[in-house]
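Me: I am new to this structure and would like a close look at one part of it. Could you take me through the stretch of helices towards the end of the chain, with a little background to get me started?

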Amino acid sequence: MRLVHSESIRVLIVDDHALVREGVRRVLEEDGSFDVVREAADGEEALAALRDETIDVALIDISMPGTSGLELVREIRQLDLPVRTLVLSMHDKPEYVERAVEAGADGYLLKDEAGPAELRSAVRAVQSGHSAFSPRVTRRLATALQEQRGRSIALARLTGRERQILRLVARGLTSRQIGQDLRISPRTVETHRQNIMRKLEVRNVAGLTRVALHLGLLDEGSA
């Protein structure tokens with residue numbers, strides 16, 4: 001019979017894969033200080049469990065049918081439910097982590113990086129009011145922040161005309177279309193575009209589009 005401490009951390013596992021839920025349950029229940037009180041295969045089941053049970057930490061996958069993990073985290077915060085949330089995902093791109101944090105997640109672990117000890121440590125951390133992030137996630141976020149800061153500084157060096165052209169390039173206009181819109185020659189547009197790419201340290205139009213989106217240059221009225 002498995003022994004559970006009287007003050008064990010009560011956990012909800014939310015993942016649409018039964019094998020993943022079983023694996024996480026076994027990792028946690030090897031330590032008597034955790035009690036997996038419920039499992040859920042989607043967001044609706046999770047919310048029902050959170051209303052029925054006293055849960056300390058919800059382990060939540062991002063990719064699920066119906067309500068996504070990020071939507072579930074956001075709804076938990078909007079409902080002001082007394083539970084800490086720890087995302088457990090395969091996605092390591094900074095934008096996923098940023099969206100999770102914005103939604104209100106208290107931590108973000110990668111399924112392919114976190115071992116049993118790291119998982120248990122992360123659950124304890126978020127339960128006690130701290131945050132917990134996988135090392136690779138932290139490195140990716142730091143790199144993205146450095147790139148954003150560098151590009152923001154470079155953006156400040158763009159001329160008004162270059163900012164106009166950057167926005168139009170990001171909207172998918174050709175050099176000829178931009179030239180017609182701004183009443184300049186396509187060759188002049190190309191010269192401006194090369195200067196913009198050099199200043200922002202990007203190599204192609206896709207890179208320019210990402211920078212423009214990230215810095216809000218596609219918003220109405222920005223220039």
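Reply: Happy to help; here is a short overview, followed by a closer look at two helices and the loops beside them.

Please keep in mind that this is a predicted model. The protein contains ten helices and six strands. Of its 223 residues, 43% are buried. Among the contacts with a separation of 6 or more, 66% join residues 24 or more positions apart. The accessible surface of the protein is about 12300 Å², and carbon and sulfur atoms account for 48% of that surface.

Now to the part you asked about. Helix α8 covers residues 175-182 and helix α9 covers residues 186-200. How do these two helices pack, and at what angle? Their axes are 8 Å apart and meet at an angle of about 105°. An angle from 65 to 115 degrees counts as roughly perpendicular, and therefore α8 and α9 are roughly perpendicular to each other. On the α8 side, the contact is made by Ser175, Arg176, Ile178 and Gly179. On the α9 side, Pro186, Val189, Glu190 and Arg193 take part. Sorted by character, the residues of this contact of α8 with α9 are three nonpolar, two polar and three charged.

Between the two helices runs a loop, and Arg183 lies in it. Arg183 has a positive phi of about 60°, although it is not a glycine. Is Arg183 buried or exposed? Its relative accessibility is 80%, so Arg183 counts as exposed.

Follow the chain past α9 and you come to Glu201, in the loop between α9 and α10 (205-214). Glu201 is not a glycine, yet it has a positive phi of about 60°. With a relative accessibility of 71%, Glu201 counts as exposed.

For another view of a helix, turn to α1, which is made of residues 18-29. At 1.5 Å a residue, its twelve residues should span 16 Å, and the end C-alpha atoms are 16 Å apart, so the two values agree. Which residues of α1 are buried? They are Arg21, Val24, Val27, Leu28 and Glu29. An α-helix has 3.6 residues a turn, so residues three or four places apart point the same way. The cover over the buried residues of α1 includes the strands β1 (9-14), β2 (34-40), β3 (57-60) and β4 (84-89), along with helix α5 (116-127).

Note on methods. Residues are numbered from 1 along each chain as its sequence is written. This is a predicted model: local features need pLDDT of at least 70, side-chain atom pairs count only at pLDDT 80 or more; totals for chains, interfaces and linings use all residues. Side-chain values use heavy atoms; hydrogens and water are left out. Helices (H or I, at least four residues) and strands (E, at least two) are DSSP runs, numbered from the N terminus. Buried means under 20% relative accessible area, exposed over 50%, partly exposed in between (1.4 Å probe, protein chains only). Contact means heavy atoms within 4.5 Å. Accessible areas come from the Shrake-Rupley method with a 1.4 Å probe; for residues, only the protein chains shown count as cover. Axes are lines fitted to C-alpha atoms, for helices over the stretch in contact, and angles run from 0 to 180 degrees between N-to-C directions. Angles under 35 degrees count as roughly parallel, over 145 as roughly antiparallel, 65 to 115 as roughly perpendicular and the rest as oblique. Ala, Val, Leu, Ile, Met, Phe, Trp, Tyr, Cys and Pro count as nonpolar, Asp, Glu, Lys and Arg as charged, and the others, Gly among them, as polar. The expected span of a helix is 1.5 Å times one less than its number of residues.
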